[in-house]
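Q: Please take a close look at a single part of this structure, after a short view of the whole. A formal account with explicit cut-offs would be appreciated.

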Amino acid sequence: MRIAILSDVHANLEALEVVLADIRRRECDRIVCLGDFVGYGPNPNECVDLLSPLLAGRNVAGNHDWAAVGKLDITFFNPYAQEAILWTQQALRVAVQQYLTALPTEWSQDGPLPFLAVHASPRNPIEEYVLDAYTAGANFLLRPFALCFIGHTHMPAVWVQTRETVEARAFLADEELRLDPAFRYLINVGSVGQPRDGDPRASYAVLDSEAAVVRLVRLEYPLERTQEKMRVRDFRPCSPND
Ligand code: ZN
């Protein structure tokens with residue numbers, strides 16, 4: 001089975017459309033979303049409308065999703081994120097609010113190659129940033145997963161627990177990561193709508209569960225169109241029908 005795993009769409013419709021076209025082209029059997037559907041970008045309703053029917057419940061909440069529906073305090077968000085969340089709170093249609101409110105904090109895939117899916121980290125699914133081997137190691141210790149996919153930092157990365165140690169490995173565009181059954185993996189799939197690793201292309205991953213291979217996909221999208229919409233809206237609060 002080929003499973004597309006994506007995260008941090010952040011209301012960027014142009015990036016999401018390009019990623020979904022690529023998922024269709026690769027004939028993936030299912031899609032899993034690791035949260036942060038909204039926040040920052042100009043099309044929160046459209047992104048949830050387009051993506052949620054394709055997930056069939058294979059989805060989890062991110063910190064921006066919770067903030068957008070009042071489940072998380074935004075005091076510690078950066079000023080840009082705060083402004084975007086206040087705009088998003090005004091813009092969300094009721095059905096989208098309900099969808100985001102009901103998202104679980106984790107989701108598990110069963111089968112021959114089971115995995116855990118969370119937004120931030122296995123021990124703190126909404127808010128923890130896994131940016132170093134120490135934090136990754138603490139998560140390996142706390143939960144018994146063999147394979148877990150995360151997002152949240154917007155930076156693709158692989159953390160591997162070998163027999164001796166926990167080590168970081170880079171995860172580059174079009175790289176195929178072969179999963180060793182003797183090791184454990186924490187894999188960050190990067191961000192669809194707002195990459196922060198210096199590469200502006202949308203990022204997502206495809207897991208081939210029979211071959212036990214994960215590929216990182218990077219895709220160009222018309223980013224100037226998204227930027228133009230953000231300039232026009234200027235993140236001023238608007239009515240739900242705007
Ligand atoms: Zn995010």
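What percentage of the contacts in the chain with a separation of 6 or more do residues 24 or more positions apart account for? Please then turn to the site of the zinc ion and state which residues are its protein donors.

A: This is a predicted model, in which local features need pLDDT of at least 70 and side-chain atom pairs count only at pLDDT 80 or more, while totals for chains, interfaces and linings use all residues. Residues are numbered from 1 along each chain as its sequence is written, and side-chain values use heavy atoms, with hydrogens and water left out.

Residues 24 or more positions apart account for 72% of the contacts with a separation of 6 or more, a contact being heavy atoms within 4.5 Å. The chain contains seven helices and 11 strands; these are DSSP runs numbered from the N terminus, helices being H or I with at least four residues and strands E with at least two. Its radius of gyration is 17 Å, close to the 18 Å that the globule rule gives for 242 residues, so the chain is as compact as a globular protein of that length. The radius is taken over C-alpha atoms, and the rule is 2.2 Å times the number of residues to the power 0.38. Of the 242 residues, 55% count as buried, that is, under 20% relative accessible area, as opposed to exposed at over 50% and partly exposed in between (1.4 Å probe, protein chains only).

At the zinc ion, the protein donors are Asp8 (OD), His10 (NE2), Asp36 (OD) and His154 (NE2), at 2.0 to 2.3 Å from the ion. Donors are N, O and S atoms within 2.8 Å of the metal (3.2 Å for Na, K and Ca); water is not among the atoms, so sites may look incomplete. The donor residues follow the spacing D-x1-H-x25-D-x117-H in sequence. Within this set, Asp36 and His154 link distant parts of the chain, 118 residues apart: Asp36 belongs to the loop between β2 and α2 (44-55), and His154 to the loop between β5 (147-150) and β6. Asp36 is buried, with a relative accessible area of 1%, and His154 is buried with a value of 1%.

The angles among the four donor atoms run from 84 to 178°, and the site is irregular. Four donors count as tetrahedral if all angles lie between 85 and 135 degrees; four count as square planar and six as octahedral if opposite donors are over 155 degrees apart and all others between 65 and 115; anything else is irregular.

A further loop residue merits mention. Ala11 lies in the loop between β1 (2-6) and α1 (13-25). Its phi is near 60°, a positive value in a residue other than glycine, and Ala11 is buried at 0% relative accessibility.
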